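The report below looks at helix geometry and at charged side-chain contacts. Please read it with the coordinates open.

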Amino acid sequence: NEKGHKEAKRSDSEAALASTEEELKLTQAQLDKAIEYYEKLKPTCVDSGITYEERVKRREEEIQSLQEALKILAGTDLS
């Protein structure tokens, strides 16, 4: 009876191992695709060739011009 119990436990362990290995393969495939996508996006997102200060200045200028446009559209600045 002990032998049957050990065989059943071994069978369960082997099934769990196979399931875990399959899950690992799927997870690794997802990771590989995510890394590939990241590498494709990286040049446009990370290395824009513009310093942080320049980006902040451009964003502030953009916000200012949008605020002016909003005033014009709202009719509060008709000068």
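What follows treats a predicted model, beginning with its helix geometry and then turning to its salt bridges.

Helix 1, which covers residues 2–45 and therefore holds 44 residues, extends 61 Å between its first and last C-alpha atoms, a span close to the 64 Å expected at 1.5 Å a residue. Along this helix a kink of about 30° is found at Glu39, shortly before the proline Pro43.

Four salt bridges are found when the whole structure is searched, and the table lists three pairs, including two from helix 1.

| Pair | Distance (N to O) | Helix |
|---|---|---|
| Lys6 and Glu2 | 3.5 Å | helix 1 |
| Glu39 and Lys42 | 3.9 Å | helix 1 |
| Arg59 and Glu62 | 2.4 Å | helix 2 |

Lys6 and Glu2 are separated by about one helical turn because they stand four residues apart in helix 1, and both of these residues are exposed.

Glu39, the residue at which the kink lies, also takes part in a salt bridge with Lys42, three residues away and about one turn of the helix. With a relative accessibility of 42%, Glu39 counts as partly exposed, and Lys42, at 31%, is likewise classed as partly exposed.

In helix 2, which comprises residues 52–74, Arg59 and Glu62 are three residues apart and so about one helical turn from each other. Arg59 has a relative accessible area of 48% and is therefore partly exposed, since the exposed class requires over 50%, while Glu62 is partly exposed at 38% relative accessibility.

Note on methods:
Residues are numbered from 1 along each chain as its sequence is written. This is a predicted model: local features need pLDDT of at least 70, side-chain atom pairs count only at pLDDT 80 or more; totals for chains, interfaces and linings use all residues. Side-chain values use heavy atoms; hydrogens and water are left out. The bend at a residue is the angle between axes fitted to the seven residues ending there and the seven starting there. A salt bridge is a side-chain nitrogen of Lys or Arg within 4 Å of a carboxyl oxygen of Asp or Glu. Buried means under 20% relative accessible area, exposed over 50%, partly exposed in between (1.4 Å probe, protein chains only).
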